[in-house]
Amino acid sequence: MRPLMLQGHERSITQIRYNREGDLLFSSSKDSKPNVWFTINGERLGTYNGHQGAVWCIDVDWTSTKFISGSGDMSLKLWSVETGKNIASIESKSSVRCCNFSYSGNQAAYSTDRAMGQDCELFIIDVRTMDSSLNDAQPILRLPMKNSKITSMLWFLDETIITGHENGLVSIYDTRMGREVNSVKEHTSVIQDMQLSRDMTMFVTASKDCTAKLFDADSLVCLKQYKTERPVNSAAISPIYDHVVLGGGQEAMDVTTTSTKAGKFDSRFFHLIYEEEFARLKGHFGPINSLAFHPDGKSYASGGEDGFVRIQVFDQSYHELVFE
Amino acid sequence: MARKRNEEYIGESDDGEFEEEPVESFEDPEGFVDTISDEDLLSDLLKKKPCETDGMENVIVVDEIPKVEPARQEKLENVIKKLFSTCGEIANVFYPKDENGYTKGYCFIEYKSPSQAEEAVKVYSNYRLDKTHTLLVNVFTDFQKYENIPVEWTPPTPQPYKPTVDLYSFLTEPDAYDQYCVVVDNGTSPSQVQFWENSLPDPTELHRKDKFTEQTVKWSPLGTYIVAYHKQGVAIWGGPQFQRINKFPHPGTTHVDFSPKENFIVTYGSAGAGGGSKVIIWDIRTGLEKRSFVADPHAPTSLFRWSHDDKYVASMGDGAIHIYETETFYLLEKKSVKIPGIRGFAWSPTDNIIAYWVAEQTDVPAKVTLMEIPKKREIRTKNLFNVADCKLHWQKSGDYLGVKVDRFSKSKKGGQKDQDVKFLGMFYNFEIFHMREKDIPVDSVEIKEPIGAFSWEPVGDKFAIIHGEGAGGCNVSFYEAKKGQKVSLVKKMERKSATHLFWSPRGGFIVLANCTQGVFEFVDTQDFTIMNTGDHHGAFQCEWDPTGRYVATGLSLYKAKDDHSYYIWSFQGRLLRRVNLKNFLQLFWRPRPPTLLSEAQQKEIKKNLKKYYPQFEAKDRLRQTRASKELLEKRAKLREEFMEWRQKRVQDYENLRLKRLELRNRIDTDTLEADKDNLEEEIVECLVKEETTLI
């Protein structure tokens, strides 16, 4: 089946996210306007206008009412999904790199870059009150990250946060105690992305060290490893099969000097348990920056450095594929 | 020994009648014979013992110099002096003379030190003074040594048999799997070399040698040995464990060449401290130097080319070909073949025929000549006009010789002077010599476009040419040379992107390779179907295995900074194996010697192929199922382990269900359809196409 090409961004995609039901797809890019699309036909529902700089991260809560975005303009903005109105804007001292809603959607976490003399910091805020009073409200928790900057983040229910760091470190923080509980260093380079499995028992990391790894979400034991020849920017676990999809490719700065073929901008499908690659999907002509499975597992979307978001519905043969 | 004997003696005296106080005696007992010489006990000290040198070590005897009359003696002395003073200052020279005053054909030269004398022996032994005189040089003291040789001959004691390495074990592999070696530069110089066997369904690694070679490796033409380069020289390895068989010390060796029958090895390296380059020909089995040539440091080293049977080796000089007989390594018939204006030559791969070409000189056309060796008889000459350059291409089976002739069309002489030659572009000719026919007829194929590549089918009558250039790509043409007929075009494939041609060593199949992009087209030349097109991005190496069953393509550190890999394809172009290997350098298939079966036997096998086919098929299938069984077992194990862990974690997940419900206002979101009340069905109509119709 032909993929849906979502053209709406003027610059490279930074992150894409489905809402819980999978009827909406949110995308952010360096062009400062996050978009929301209908996944069924690829029609654009609207944009969230207000940021002044590249939008690095986005998230939507489970009820699909609240939407947050963090940007290089040193702000975290909270939006109403339905109206596209900016409800609150929290200023920070440096760019906002990651932002996530907790399981309940009552809290949100965001992290800032280490830049302009500022340390990387992790903030947790209460987002139950949906109004501009948030702008000046004190965060529930403020944790400075001394050693390495946070480059990706996950909530586990409402109590713990899993962070992926610039130096390849993965840590778990207890938000109530406000301290690190556990950490492992399995990767040798930046962890670009982390995504939980549907049942939240494991998560997959994507790293610039050309691998993606599967971790136990509780003990942080590395269970599996998926190897490629290029930096991996994003990885996702299928909600219905034992499949993992990896996206990445040549580093963005080298793209202009290499052809599409050499860049290896394919989405690559691996078997979750056997670690064997079984399929590749071409399409992007730049590295893939973000990937996500539709919650029903029947399609997936990818956003690339080339500025396109592609939604690919799987063929019947994908569902018939049997690994003995 | 001595001590022991003393003790025995003391023991004996105790048995005597006298009760003597046992006094330790250091005297030798009566009748004691000292069996140990000073040499055994103090050899190291004796060596250092100062002794007079009688000066005899400084003297050398030069034999086989010309016998000359007194009038010419001075000239001879000058020549000898000039030669031998290169090894050191000469203290004294003496020429014995007969009663007529003629020199006796030898002389004595005294140097200042024994080392200079030794050097002179080393340098000038077997030095060829002229056609009839080859010097024999010895140190004078050697004569004493040889005088002492006993008259009676005692047979040498038989040496115990040392089992040698089985150099041909690789040929006894029952499934005829081919071997290949992979050179990897894993950061530490020298490079690592891996030896693989291309077994089914997966290749097996036979051996791995770290720090094996300085730059690259090379198989000998029959696959018996593999050469590794080192700073001090080269070494050859072989046998089932890849042991070192021999080494050839030649510092700075950059290039190595084997004779076709693997009797000799040629090393091209540096000539030592003085600079310049040197070529040494060695005997592979004994490891001895057969002959060496010091080349002019400014001129490019001429390559030595071997005749197919190792009988001759030839190199090109200025206006001559030097042909050496390998029995003695002297020039054939003691003289070079003078060919003024010679520009290139090549041996036939199957006969002792040399093809060479001579450039155009004023009023004399260029020509290509075939010369029979050792008779040095010209068996065919072809004159050519307006020649810019020639390339000689022998077909592997020696049936044909193709000469690619670059010619300039119609050089118009503008003005009076000859220098004002106007070139009106180039065109290209292929002169095809039919070697197996009477009088060697020559055909000619003319092509107007530039030639990218030319290649003979190794076994068969076809050759392929890449020609033309431009936006649309180039053309690949196949010509066939049939017996008694003119060469004819059989197929022209247009708009190709190929840059190189790789024929299967068994003929029939060819790979059209684009070595800049890494695109490989596999063509069956029976009906010229493109069986498959393979893509190995950036790959520029392409190697057929010696049996023509597989092709390896490689992308190495030499060209790209990452993605180093090699692929193995079937001859139909099916990708069999993809190996990503960081810092991969090269892959070389191990060659095989030609088959020992006669043509009749080969025909017989071909005829009965249908009979063998099911056997091999069954074997392959068995292997495949075994392999897939192994894979399945491995997967089953992985799955089991994973599931064990997973079950535990799913239990944890179930246990947290209440908490999850609590966090999300008692709405079950565990699955998409879990919460029926909250589900809202929506029918979406997609606008597929918009059309406006004007009424």
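In this predicted model, a good place to start is B:Val227, a residue whose contacts, leaving aside neighbours within four places in sequence, are B:Val217, B:Lys218, B:Val234, B:Ile236 and B:Val256. Apart from the core to which B:Val227 belongs, a second, separate core can be found, with 82 residues that include A:Trp79, A:Ala109, A:Leu143 and A:Tyr226.

The largest nonpolar core holds 105 residues, and B:Val227 is among the members that touch the most others, together with B:Ile226, B:Ile354, B:Ala355 and B:Ile510. Which strand of chain B gives the most to this core? That role falls to strand β21, residues 353–358, with 6 residues. The core also reaches into two domains of chain B, drawing at least three residues from each of domain 2 (214–338) and domain 3 (344–495). Such gatherings fit a broader pattern: in soluble globular proteins, nonpolar side chains tend to be buried together.

Stepping back to chain B as a whole, its 695 residues include 25% that are buried. The chain contains 42 strands along with 8 helices. Among the contacts in chain B with a separation of 6 or more, 39% link residues that are 24 or more positions apart.

Finally, the two chains meet. How many residues does each chain bring to the contact? Chain A supplies 20 residues and chain B supplies 22 residues. On the side of chain A that touches chain B, 9 residues are nonpolar, 8 are charged and 3 are polar.

How values were computed. Residues are numbered from 1 along each chain as its sequence is written. Chains are lettered from A and ligands numbered from 1 in the order in which they are written. This is a predicted model: local features need pLDDT of at least 70, side-chain atom pairs count only at pLDDT 80 or more; totals for chains, interfaces and linings use all residues. A nonpolar core is a set of buried Ala, Val, Leu, Ile, Met, Phe, Trp, Tyr and Cys residues joined through C-beta atoms within 7 Å. A residue is buried if 20 or more other C-beta atoms lie within 10 Å of its own, exposed if 12 or fewer, and partly exposed in between; C-beta atoms are placed from the backbone. Helices (H or I, at least four residues) and strands (E, at least two) are DSSP runs, numbered from the N terminus. Domain bounds come from an automatic or database domain assignment. Two residues are in contact if their C-beta atoms, placed from the backbone, lie within 7 Å. Ala, Val, Leu, Ile, Met, Phe, Trp, Tyr, Cys and Pro count as nonpolar, Asp, Glu, Lys and Arg as charged, and the others, Gly among them, as polar.
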